[in-house]
Structure formats: C-alpha cells, structure tokens
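Reader: I am new to this structure and should be grateful for a guided introduction.

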Amino acid sequence: MKERMKLILDAFYGHNSPDMASRVFGFAAGIAYDALVIAPSYSPYHLQMERFFNVTTLREGAYHCGYYLENADLKLAWIKSAASAGNLIDHLASCAALSFKKLIFIGAVGALKAEFRLGDICTPSYSLSGSQADAFLIRDSIRETALFEKVEPDKAFTDAVIALGKARGHDIRRAGVFCTPSIALEYLHLDEIRTSGADLIEMETASFYLMAELLEIPAIALLVISDNSASGVPLVGRTEQQQEYFNERKLTVFPDMIMAVAGMR
C-alpha cells in the first residue's frame with residue numbers, strides 16, 4: 001500500500017470505525033481472500049455464481065451489498081455497489097484493510113464505435129477520468145483537477161489476463177475508455193466525448209485503476225458491451241434476441257474469468 005493510501009485511510013478511519021469492511025459489508029478480517037470483486041449493479045446471483053461457489057449474503061444495504069464466495073479452491077469477497085466513481089472509491093477504501101491478492105472489476109460498458117458488438121468482452125487499455133472524485137483521490141488540493149487524466153492499467157498483468165482468457169476460449173479486446181459522471185447527460189456530449197478517441201464509455205474504471213495502484217494490488221477490469229450509440233443498440237430497450245445474447249455472454253465469460261483470474265499464481 002502506498003503512502004498516499006495510508007494517509008487517506010488514516011483520515012477516513014480517524015473519523016469512523018477502522019473496522020469498515022466488517023461493519024459495512026460483513027467481511028471477516030481473518031480470511032485471506034484470493035480476490036476482491038467489485039461489481040456495480042451485479043450481485044453474484046445476477047451472474048449465477050452459485051453454480052460454482054457457496055455464496056453467502058453478508059450485508060444488504062440500500063446501495064451496497066457484501067457477499068462471501070467459497071469453493072474448494074477459492075475464497076472471494078464480493079462488493080455490489082451503486083454506480084459512479086465516488087461510490088467505487090468509497091467502497092474500495094472501506095475494504096482496504098482486508099487481505100486480498102487480486103482486484104477484479106466486473107461491469108457493463110457502452111460502445112462509441114460501430115466496430116464493437118453487443119456482448120463483446122473488453123478491458124481498458126486506458127481510462128480517461130471524467131469525474132472530479134478522482135481529484136479528491138490523487139490531488140493534494142481539491143481545487144486541483146484530474147479531469148481527462150489518462151489512467152493506464154498494469155500492462156503486464158493485463159497481458160497475462162488476456163492470454164489466460166484466450167487459452168480458455170474468450171476473446172478479450174483492449175479498448176480506450178471514457179469515464180462519464182452521468183449516463184443521462186453523456187448523450188448530449190457524445191460528439192465531444194468521441195473526440196477523445198475513446199472506444200467505450202462507462203463510469204468507474206479510471207477510479208478503479210487509481211485505487212488499485214494506491215493499494216498496490218494486481219487489478220483487471222472486465223467489461224461487457226451493453227449498448228452502442230454508434231450502431232444504435234440501446235442500453236434500455238434491447239430486442240428479446242439482443243437481451244438473450246447479452247445475458248448469455250455475461251453469464252458464460254464473467255464467472256469463468258473471475259475464477260481464472262482469482263486463481264492466478
């Protein structure tokens with residue numbers, strides 16, 4: 001853990017219980033977790049992880065939930081959070097005192113270019129920060145900005161995950177990601193967002209990789225294409241056939257890759 005993260009946690013815990021992971025999510029401090037999964041909007045039950053794990057619901061709140069997943073080989077802590085950079089930062093900070101070997105982000109992502117198809121699985125080659133929450137995380141003064149800062153994941157670990165996916169029959173595409181602070185308002189600014197050169201748009205991966213760097217934990221974001229503003233595939237209002245294919249992709253690839261990445265040595 002980097003010194004910046006220690007300063008953040010000292011201030012955070014100085015005004016709150018240091019036992020945040022247990023009080024907020026129900027996680028036991030004495031467990032060495034193979035991975036911490038954070039998935040805005042996705043619980044383990046959404047991905048039918050009970051096919052592969054004993055899933056225990058630890059806490060269910062209005063906008064955050066904690067789950068413990070265990071099988072013969074793996075122990076996973078799982079956070080379901082509300083969307084947005086701020087929520088992701090807060091929830092990962094709450095779990096920073098846990099012992100975990102990997103960080104895995106699971107989410108949906110919109111495409112900005114027609115070459116990306118519904119159900120494609122992607123991982124960021126970089127994420128452009130669109131939220132002032134990231135400035136609170138990495139800047140000394142909140143008067144400074146981190147807007148449009150390019151956040152790059154660890155290339156070696158990303159390469160290893162992509163190779164692992166390929167060996168398991170999954171084509172994981174690298175793509176540039178723009179991180180928007182608002183879904184409803186992104187459409188008004190799509191032309192300007194596209195000038196950034198980004199391929200995809202979602203809300204949290206810049207913050208996810210910034211947190212992973214501060215925590216000094218190997219991390220990967222796995223994203224499924226849920227819509228495409230360039231080719232007219234909607235986020236809300238997919239056809240029955242589109243919805244079935246989208247569900248099949250996320251229910252097949254995500255569980256397999258979560259287990260594979262968590263088991264990496």
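The following exchange concerns one strand and two pockets of a predicted model.

Reader: Which residues point the other way from A35 and V37 in strand 2, and are they buried or exposed?

Author: Strand 2 covers residues 35–38. From this strand A35 and V37 point one way. A residue counts as buried under 20% relative accessible area. Those on the other side are L36 and I38, and all four positions are buried.

Reader: Which residue in strand 7 stands opposite V37?

Author: Strand 2 runs parallel to strand 5 (residues 75–81), with 4 bridges between them, and A35 stands opposite L76 there. Strand 2 also runs parallel to strand 7 (residues 103–111), to which 3 bridges join it. In strand 7, the residue opposite V37 is I104.

Reader: Which element supplies the largest share of the lining of the largest pocket?

Author: The largest pocket holds about 430 Å³ of space. Its lining has 24 residues, with A108, V109, I183, S226 and L235 nearest the centre. Among the elements that each supply at least two lining residues are helix 6 (183–186), strand 12 (219–228) and helix 9 (240–262). The largest share, 6 residues, comes from strand 7.

Reader: How many residues of the lining of the second largest pocket are charged?

Author: The second largest pocket has a volume of about 270 Å³, and F148, F178, P181, H189 and I193 lie nearest its centre among 13 lining residues. Helix 6 and helix 7 (190–194) each supply at least two residues of this lining. By type, the lining has 6 nonpolar and 5 polar residues, and the number of charged ones is 2.

Technical notes:
Residues are numbered from 1 along each chain as its sequence is written. This is a predicted model: local features need pLDDT of at least 70, side-chain atom pairs count only at pLDDT 80 or more; totals for chains, interfaces and linings use all residues. Side-chain values use heavy atoms; hydrogens and water are left out. Buried means under 20% relative accessible area, exposed over 50%, partly exposed in between (1.4 Å probe, protein chains only). Two strands pair if DSSP finds at least two bridges between them. On a 1 Å grid over the protein atoms alone, a cavity is a set of points where a 1.4 Å probe fits but cannot get out, and a pocket is an open set with protein on both sides within 12 Å along at least five of seven lines; lining residues have an atom within 4 Å of a point. Grid points are joined across faces, edges and corners, and a volume is the space filled by probe spheres set on the points. Ala, Val, Leu, Ile, Met, Phe, Trp, Tyr, Cys and Pro count as nonpolar, Asp, Glu, Lys and Arg as charged, and the others, Gly among them, as polar.
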